[in-house]
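These are my notebook entries on a single structure, set down in the order in which I looked things up.

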Amino acid sequence: MAGSQDMFDAIVMADDSKKMKVLESLLGMIQKFPYDDPTYDKLHEDLDRIRGKFKQLCSVLNVQPDFKISAEGSGLSF
């Protein structure tokens, strides 16, 4: 969980408008994503865009995402 705290700290301390624009863009993409529609024809395209925006956010915040799957299989740890 230390990685998620680092990212949170970086976001809170981000006063640069570019950082905030990237964050707001990522949040908008996530909010508009059609989670309940498995037949959505642009599913893979939108997921690729979200991944790209997340990578961009990590880059502008200068944080390394730490993707680890736990033994319990509960998901990703950031």
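Accessible areas in these notes come from the Shrake-Rupley method with a 1.4 Å probe. With that settled, I looked up the total for the protein chain, which exposes about 6,100 Å². Carbon and sulfur atoms supply 55% of that surface. I note that this is a predicted model, so every value here is computed from predicted coordinates.

Entry on the chain as a whole. I counted 3 helices and 2 strands in the protein chain. Along the sequence, the elements follow the pattern α-α-α-β-β. I then looked up burial: 21% of the 78 residues count as buried. For contacts with a separation of 6 or more, I found that residues 24 or more positions apart account for 55%.

Entry on the helix pair. I next examined helix α2, residues 17–32, against helix α3, residues 43–61. Their axes come within 9 Å and cross at roughly 155 degrees. Angles over 145 degrees count as roughly antiparallel, and α2 and α3 are therefore roughly antiparallel to each other. I recorded the handedness of this crossing as left-handed.

Which residues of α2 and α3 meet? On the α2 side I listed Lys18, Lys19, Val22, Leu23, Ser25, Leu26, Met29 and Ile30. On the α3 side they meet Arg49, Ile50, Lys53, Phe54, Gln56, Leu57, Val60 and Leu61. I sorted the residues of this contact by class and obtained 10 nonpolar, 2 polar and 4 charged.

Entry on Leu61. I singled out Leu61, which lies in helix α3 and is among the residues in contact with α2. Is Leu61 buried or exposed? Its relative accessible area is 10%; the cut-off for buried is under 20%, so Leu61 is buried. I also looked up its separation from Lys19 of the α2 list. Leu61 and Lys19 are 42 residues apart in sequence, yet their C-alpha atoms are 7.1 Å apart in space.

Entry on Asn62. I then turned to Asn62, which lies in the loop between α3 and β1, the latter spanning 68–69. Its backbone drew a separate note: Asn62 has a positive phi of about 60 degrees although it is not a glycine. I checked its accessibility as well. Asn62 stands at 70% relative accessibility, and the cut-off for exposed is over 50%, so Asn62 counts as exposed.

Closing entry. I set the two residues side by side: Leu61 in α3 is buried, whereas Asn62 in the loop is exposed.

Definitions and conventions:
Residues numbered from 1 in each chain as written. Predicted model: local features only at pLDDT ≥ 70, side-chain atom pairs only at ≥ 80, totals over all residues. Heavy atoms only, no water. Axes fitted to C-alpha atoms, helices over the stretch in contact; angles between N-to-C directions. Helix = DSSP H or I, 4+ residues; strand = E, 2+ residues; numbered from the N terminus. Parallel < 35°, antiparallel > 145°, perpendicular 65-115°, else oblique. Left-handed = near helix turned anticlockwise from the far one by under 90°. Contact = heavy atoms within 4.5 Å. Nonpolar A, V, L, I, M, F, W, Y, C, P; charged D, E, K, R; others polar. Buried < 20%, exposed > 50% of the residue type's maximum accessible area, 1.4 Å probe, protein only.
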